[in-house]
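Here is a short briefing on one structure. It covers a sheet, the helices that lie across it, a strand pair and a pocket.

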Amino acid sequence: MNNKFLTIHRQEAGYRPIHDRIHDFGEVEQTLNSKDRRTQASRCMDCGVPFCHWACPLGNKLPEWNDALSKGDYETAYRLLNDTNDFPEFTGRICPALCEKACVLNLMSHEPTTNRENEAAITEMAFQENLVHVVQPVRNGRRVAVIGAGPAGLVAANRLNRMGYAVTVFERCENAGGLLRYGIPNFKLNKAIIDRRLHLLYEEGIDFRYGEDIDLTSLPEGYDAYVVSTGTPTARDLPVPGRELRGVHFALDMLSQQNRILAGTDFKKDELVNARDKDVLVIGGGDTGSDCIGTAHRQGCRSVTQIEIMPKPPVGPDDPHNPWPNYPRTFKTTSSHEEGCTRRWNVNTLEFIGKDGRLTGVKVQEIKWKPNPDGGRPIMEPAGKPEVIKCELALLAMGFVKPEMPQFADNVFTAGDAATGASLVVRAMAGGRKAAADIDNYLNATNK
């Protein structure tokens, strides 16, 4: 039995120094040397009941590829990893690592195996050592259309292509990736990582058609089956007085524009959503809001404040409402928060205030939540006097509205956020795998 976890502590790669990273959009996360990385993989206990495997939406076989990594066998490690995860270079950078929270070592000492970082290291070594090969499938004569090239659509396209289907991917944007490309900042996921994988998909025969905004009530003709993976394109709005003021934007207005600028797109001055020399207010306490904070710093903001209408999560490693091995909804400090941010909870937005059509501040009020005697959502009550937070840029990062889908024919399958509502990239990827398997089963059953 492996007992290295008794003597070896968890070691994370950590982030680049703040004074260095806030001046560029390069990835903030560093990497361990190969010796330390193998040592970290050796901490895996190879549990008889691997709760990490249970927690992973993709069903990754973590004990197996951690063992291979610890021995320096990158080829076996990547093969085992790629068996369940089509694009581990994405999840190895941005997954919240549900597996680590379910690790038995997290229960014992709050020092789980560094699965996410190990995953990224395995994949990067696989690309470096030419262990990732182009596959030329034998075609089966059937065609499938994938609508939407986000993580769910890309995974579905990859799986179906490997099965022998001729796959066409329709994407309304100018490039593939969905929120991976247009929502997640480059300092978390360098877009060259996406392009590297796309080149493989191109070589393997997947046809990508960009700038195609498909009407879901009139899908393209000539295909045996369809995957609808259009994500959750509608952000949750905040319809309070002053919403029309210049300076109030959805979070993705800023994030997607900045990513496009880094890719070489030019915008007119009056089109820019930029935080330079501005006080910024981020409304919404999730990951998208955190991404706005990091982007605002890199654009040269004066200050950033983040408010959240819900209470502050429990501080510490344990969540009394979601005990191990469930994912704890605890207080989280991201790399962007470390770069400087005033954070407040139980704050409700009342009004956007402006002068000459431009935002100058946001009127807010502290609130408290009381149990609803009839059950259901708690009741919000004022807990303080209204106040004004000075800002010239307000970013709405309050999540996304689950899309309503039309009634589809039997040969149309939804995947990712289009099916579930906004969720994690790793869950979207799992949805893409399921949609591909369902289509294969459907077409094989109907063609018998």
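A pocket here is an open set of grid points with protein on both sides within 12 Å along at least five of seven lines, and its lining residues have an atom within 4 Å of a point. The model is predicted. By that definition, the second largest pocket has 14 lining residues.

**Second largest pocket**

- The space in this pocket comes to about 350 Å³.
- Nearest its centre lie Arg246, His249, Leu272, Lys278 and Arg358.
- Seven residues of the lining are charged, four are nonpolar and three are polar.

**Five-stranded sheet**

- The sheet is open and has five strands, in the order E5-E13-E6-E7-E8. Their pairing is parallel.
- Why is one side of E5 and of E8 left without a neighbour in the sheet? Strand E5 (248–250) and strand E8 (342–345) stand at the edges, and each has a single partner strand, so one side of each stays unpaired in the sheet.
- From one strand to the next, the twist averages 20 degrees.
- Within the sheet, strand E6 (residues 279–283) pairs with strand E7 (residues 303–308) through five bridges, in the parallel sense.
- Asp279 has Ser303 of E7 as its bridge partner.

**Helices across the sheet**

- Helix H13 (residues 251–262) lies across E5 and strand E13 (393–396). Its direction is at about 70 degrees to E5.
- Helix H14 (residues 287–299) lies across three strands: E6, E7 and E13. H14 runs at about 175 degrees to E7.

**Asp291 in helix H14**

- Asp291 belongs to helix H14.
- Is Asp291 buried or exposed? Its relative accessible area is 5%, so Asp291 counts as buried, the cut-off being under 20%.
- Which residues does Asp291 contact, leaving aside neighbours within four places in sequence? They are Gly183, Pro185, Phe187, Lys188 and Leu255.

**Strands E1 and E2**

- Strand E1 (residues 143–147) and E2 run parallel and are joined by five bridges.
- Ala145 has Thr168 of E2 as its bridge partner.
- Strand E2 (residues 166–171) is mostly covered. Of its six residues, five are buried.

Terms used: Residues numbered from 1 in each chain as written. Predicted model: local features only at pLDDT ≥ 70, side-chain atom pairs only at ≥ 80, totals over all residues. Heavy atoms only, no water. 1 Å grid on protein atoms, 1.4 Å probe; cavity = no way out; pocket = protein on both sides within 12 Å on 5 of 7 lines; lining within 4 Å. Points joined across faces, edges and corners; volume = space filled by probe spheres on them. Nonpolar A, V, L, I, M, F, W, Y, C, P; charged D, E, K, R; others polar. Pairing = 2+ DSSP bridges. Helix = DSSP H or I, 4+ residues; strand = E, 2+ residues; numbered from the N terminus. Axes fitted to C-alpha atoms, helices over the stretch in contact; angles between N-to-C directions. Contact = heavy atoms within 4.5 Å. Buried < 20%, exposed > 50% of the residue type's maximum accessible area, 1.4 Å probe, protein only.
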